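User: I'm new to this structure and would like to learn how to read it. Could you walk me through it feature by feature?

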Amino acid sequence: MEVLAALNLGEIAHTFSKMGMFPVFDLAYYIVSILYLKYEPGSVEVSRRSPVASWLCAMLYCFGSYILADIMLGHSPVDYFQHNSHILLASAVWYLIFYCPLNLFYKCVAFLPVKLVLVALKEVVRTRKIAAGVHHAHHAYHHGFFIMVIVGYVKGSGVALMSNFEQLLRGVWRPETNEILNMSFPTKASLYGAILFTLQEAHWLPVAKSTLILGFTLFMATSKVVMTARHSHGSPFALIESWVCHLLFGSPLGGAEEDHHAPAPASPLKTKEELSEGARKRKTKKAE
């Protein structure tokens, strides 16, 4: 207790929760989001063939959560595009990642130590978006706790929930990648985070919002950095989810462990990053 008193955790949390996200944290968010877009199969070809479609996909990756949340709350889906500085910053990142000579910018931000820092900063923005989504829904629907959870979840999940629509812009249709059917760790964490912030907003969770923001940010940043460094898309929730689903829904126990030990062809990260990059290199060699 003396250590916590000396650290003055409450003041640190309050200062952190009031910290502005633009431009440093938002820049990191845009870089990582568009970096993942470039990992998608066919995205580079689309950027050469149709820059407009590529730019629209990049904007969905950066602002898809705002668009979907605005639609759900009855606002205009283009409302966020009034923030010119954010659109210009995201557009600059998109151009540099896809069109920078010699791929210099892409190589710099994809360098693992740099990428780990950017991933951590992105999770700061994700947590703020979840908290802001719950707070916004609370003002619109004061006792609509399910609406608060849904809006916070959508704000945190980003373009993942719109992935099939984004794929259509690139001329791809892969319904098996539906995020609802195959939820990734960030999507699951956004849902759990939205529940926590809803409980806090309803005064059912005796924790200050600033403290919850700080704690959840540390959890998300640490988890994502470790997973990125280990090239893993596993979930820290896997064991708990396995037991809960077994007890409540009769799902096979240990499904997560079986999946973990199964001889899968490749991890999701390799499918997105390494395999896509390798395919592009093989195409280049054949062309030569």
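User: Let's start with a pair of charged side chains. Are Glu241 and Lys188 buried or exposed?

Analyst: Keep in mind that this is a predicted model. The general idea is to look at relative accessible area, where under 20% counts as buried. Here, Glu241 and Lys188 are both buried. Their side chains also meet in a salt bridge, with 2.9 Å from N to O. Glu241 belongs to helix H13 (residues 238-249) and Lys188 to helix H11, so this pair ties together parts that are 53 residues apart in sequence.

User: How many salt bridges are there by this rule?

Analyst: The rule looks for a side-chain nitrogen of Lys or Arg within 4 Å of a carboxyl oxygen of Asp or Glu. The count comes to 6. One of them joins the side chains of Arg174 and Glu40, at 3.2 Å from N to O. That pair links distant parts of the chain, 134 residues apart: Arg174 sits in the loop between helix H10 (163-169) and helix H11 (185-201), while Glu40 sits in the loop between H3 and helix H4 (43-49).

User: Why does Arg174 count as partly exposed, and why does Glu40 count as buried?

Analyst: Just compare each value with the cut-offs: buried is under 20%, exposed is over 50%, and partly exposed is in between. Arg174 counts as partly exposed because its relative accessibility is 26%. Glu40 has 5%, so Glu40 counts as buried.

User: Can I try that on another pair?

Analyst: Sure, take Lys209 and Glu201, whose side chains meet in a salt bridge at 3.1 Å, N to O. Lys209 has a relative accessible area of 25%, so Lys209 is partly exposed. Glu201, at 12%, counts as buried.

User: Which residues do salt bridges with shared partners join into one network?

Analyst: Here you follow the partners from one bridge to the next. Glu40, Glu166, Arg170 and Arg174 are joined into one network this way.

User: Now the nonpolar side. Which residues have the most contacts inside the largest nonpolar core?

Analyst: The trick is to look for buried nonpolar residues joined through their side chains. The largest such core has 60 residues, and Tyr30, Ile34, Phe63 and Phe197 have the most contacts inside it. Helix H3 (residues 24-39) gives the largest share of this core, 11 residues. As for Phe63, leaving out residues up to four places away in sequence, its contacts are Tyr30, Tyr80, Phe81, His86, Ile87 and Ala90.

User: Does H3 hold any charged residue I should look at?

Analyst: Try Lys38, which is found in helix H3. With a relative accessible area of 4%, Lys38 is buried. Lys38 and Phe98 are 60 residues apart in sequence, yet 7.5 Å apart in space, C-alpha to C-alpha.

User: What lines the second largest cavity?

Analyst: A cavity is a space where a probe fits but cannot get out. Searching the whole structure turns up 2 cavities of 30 Å³ or more. The second largest has a volume of about 40 Å³. Its lining includes Tyr30 and Phe63, along with Asp26 and Lys129. By class, that lining has 7 nonpolar, no polar and 2 charged residues. H3, helix H5 (51-72) and helix H8 (112-140) each supply at least two of the lining residues.

User: And how many helices and strands does the protein have?

Analyst: The secondary structure comes to 15 helices and 0 strands. Of its 288 residues, 43% count as buried.

Terms used:
Residues are numbered from 1 along each chain as its sequence is written. This is a predicted model: local features need pLDDT of at least 70, side-chain atom pairs count only at pLDDT 80 or more; totals for chains, interfaces and linings use all residues. Side-chain values use heavy atoms; hydrogens and water are left out. A nonpolar core is a set of buried Ala, Val, Leu, Ile, Met, Phe, Trp, Tyr and Cys residues joined through side-chain atoms within 4.5 Å. Buried means under 20% relative accessible area, exposed over 50%, partly exposed in between (1.4 Å probe, protein chains only). Helices (H or I, at least four residues) and strands (E, at least two) are DSSP runs, numbered from the N terminus. Contact means heavy atoms within 4.5 Å. On a 1 Å grid over the protein atoms alone, a cavity is a set of points where a 1.4 Å probe fits but cannot get out, and a pocket is an open set with protein on both sides within 12 Å along at least five of seven lines; lining residues have an atom within 4 Å of a point. Grid points are joined across faces, edges and corners, and a volume is the space filled by probe spheres set on the points. Ala, Val, Leu, Ile, Met, Phe, Trp, Tyr, Cys and Pro count as nonpolar, Asp, Glu, Lys and Arg as charged, and the others, Gly among them, as polar.
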